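Colleague: Could you take me through one part of this model slowly, as if I were new to the subject? I would like to hear about the charged side chains and what they meet.

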Amino acid sequence: MVCRSNLGVSQRMLTHTLRQLQEDGLITRTAYAEVPPRVEYALAPLGRGLHEIVMRLIGWAAAHYHEIRAYRAQAGTTLSSSRS
């Protein structure tokens with residue numbers, strides 16, 4: 001799988017995570033009796049609801065990125081000077 005190698009996720013961890021997401025009702029798994037075997041995953045209705053929430057969170061983080069970085073830089077300066 002291309003994304004697995006790009007993300008550095010082991011096959012074992014990927015399998016475990018997908019199984020847990022399926023058990024939690026967030027994704028569905030469809031296996032096809034083909035050669036080579038093929039499996040597709042899709043968001044279940046519960047997962048689609050969570051996806052909407054996560055996308056809003058990502059949008060908020062992107063909108064406030066510079067502000068967050070400024071606070072981090074300020075905190076880093078404060079921490080450095082208080083340790084001296």
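Modeller: Happy to! One term will help us: a residue is called buried under 20% relative accessible area, exposed over 50%, and partly exposed in between. Please keep in mind that this is a predicted model.

Let us start with E40. Its relative accessible area is 36%, so E40 is partly exposed. The side chain of E40 meets that of R38 in a salt bridge, with 2.5 Å from N to O.

Now follow R38 to its other partner. R38 also forms a salt bridge with E34, and here the closest N and O atoms are 3.0 Å apart. E34 has a relative accessible area of 35%, so E34 counts as partly exposed. R38 itself comes out at 32% relative accessibility, and therefore R38 is partly exposed too.

Put together, E34, R38 and E40 belong to one network, joined by salt bridges that share partners. The count of salt bridges comes to two. As a general idea to take along, side chains of opposite charge can pair when their charged atoms come close.

There is one further contact to look for at R38. R38 lies over the face of Y32, at 3.9 Å from the ring centre. As for rings meeting other rings, the structure holds zero aromatic pairs.

Notes: Residues numbered from 1 in each chain as written. Predicted model: local features only at pLDDT ≥ 70, side-chain atom pairs only at ≥ 80, totals over all residues. Heavy atoms only, no water. Salt bridge = Lys/Arg side-chain N within 4 Å of Asp/Glu carboxyl O. Buried < 20%, exposed > 50% of the residue type's maximum accessible area, 1.4 Å probe, protein only. Phe/Tyr/Trp six-rings, centres within 6.5 Å; stacked < 30°, edge-to-face > 60°. Lys NZ or Arg CZ within 6 Å of the ring centre and 35° of its normal.
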